[in-house]
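Got your viewer open? Load the model and follow along, one selection at a time.

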Amino acid sequence: MSEVLELVDVSVVRDGRALVEDVSWSVKEGERWVILGPNGAGKTTLLNLASSYLFPTSGTVGVLGERLGSVDVFELRPRVGMASIAMAEKLPRRQTVLETVLTAAYGMTAHWQESYDKVDEDRARAFLDRLGMSDYLDRRFGTLSEGERKRTMIARAMMTDPELLLLDEPAAGLDLGGREDLVRRLGRLARDPYAPSMLMVTHHVEEIPPGFTHVLMIRQGQVLAAGPLETELTSRNLSLCFGLPLVVEEQNGRWTAQGLPLR
Ligand SMILES: Nc1ncnc2c1ncn2[C@@H]1O[C@H](COP(=O)(O)OP(=O)(O)OP(=O)(O)O)[C@@H](O)[C@H]1O
């Protein structure tokens with residue numbers, strides 16, 4: 001198995017403060033990782049390194065076999081799909097859902113061509129269909145609900161046929177039905193052998209889709225645990241990560257966590 005992502009002793013320092021510190025982490029092809037940690041722990045910083053939008057202050061980052069600093073990031077970036085709120089905010093609100101997904105194939109955020117290749121349009125429609133967005137193709141992106149926007153962003157991230165897919169809090173802000181719908185769709189993607197390797201940032205173990213294989217827990221910029229879900233997503237690790245006593249349980253590939261009652 002080859003490395004999709006390889007961080008060795010990586011630190012990112014801003015204003016004299018380490019946002020992540022001495023992180024070593026390796027993701028292999030086909031693995032699906034969830035990144036868990038409290039607010040400000042450094043999760044998005046890790047995704048920004050993996051998407052080559054951020055360079056480490058020290059240490060080395062390898063993405064899809066290329067080392068950051070010695071590769072042309074403009075060649076690397078199309079190989080990595082990213083769905084995040086930050087990315088959604090860069091997209092024109094007046095563009096249709098179909099155009100929003102389609103422009104990704106051309107490395108653009110905005111629509112400017114009158115005609116796109118039929119094959120690209122078919123792919124955009126197929127990804128949107130897989131995410132339950134077929135009824136919204138002509139809707140303006142800016143009018144979508146939070147859940148619809150999230151699903152459109154995932155379809156958009158798939159458009160370049162990425163080898164690595166990064167999802168930054170894809171279920172944040174969704175209601176129960178929206179979350180469960182998204183978790184099911186991501187679970188189907190996670191179990192698809194042709195789907196890219198995936199890294200998903202979340203705050204909640206309930207959002208881990210079945211089919212995800214590994215967890216990295218981070219607290220105050222440092223890795224607390226990293227490895228297979230079955231061995232690392234324990235009550236002890238989760239309690240240390242979030243700083244209070246928690247009990248975690250797994251049932252049929254889904255996870256729940258509860259705080260112990262106060263005495
Ligand atoms: N450019 C920057 N300059 C200074 N500090 C920064 C910068 N970017 C992020 N930080 C800080 O680094 C820390 C880690 O940020 P990051 O966004 O990676 O956390 P996170 O785990 O994704 O948090 P959240 O769960 O709240 O989204 C935070 O304390 C944040 O305020």
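Which helix gives the most to the shell around the ligand? Select residues 43-50: that's helix α1, which contributes 3 residues. Helices here are DSSP runs (H or I, at least four residues) and strands are E runs of at least two, numbered from the N terminus. Before going on, note that this is a predicted model, where local features need pLDDT of at least 70, side-chain atom pairs count only at pLDDT 80 or more, and totals for chains, interfaces and linings use all residues. Residue numbers start from 1 along each chain as its sequence is written.

Next, show the ligand with its surroundings: R14, D15, L19, G37, N39, G40, A41, G42, K43, T44 and T45. A residue gets in if its C-beta atom, placed from the backbone, lies within 6 Å of the molecule.

Back to α1: 7 of its 8 residues are buried, namely K43, T45, L46, L47, N48, L49 and A50. Buried takes 20 or more other C-beta atoms within 10 Å of the residue's own, with C-beta atoms placed from the backbone. Now pick A50: leaving out residues up to four places away in sequence, A50 touches L5, V63, V80, L164, L166 and L199 (contact puts C-beta atoms, placed from the backbone, within 7 Å). Just past the helix, click S52 and you'll find a positive phi of about 65°.

Last stop, the open sheet: 4 antiparallel strands run in the order β2-β1-β4-β5, where pairing needs at least two DSSP bridges. At its edges, pairing on one side only, are β2 (17-28) and β5 (66-67).

Terms used
Contact = placed C-beta atoms within 7 Å. Buried ≥ 20, exposed ≤ 12 C-beta atoms within 10 Å, placed from the backbone.
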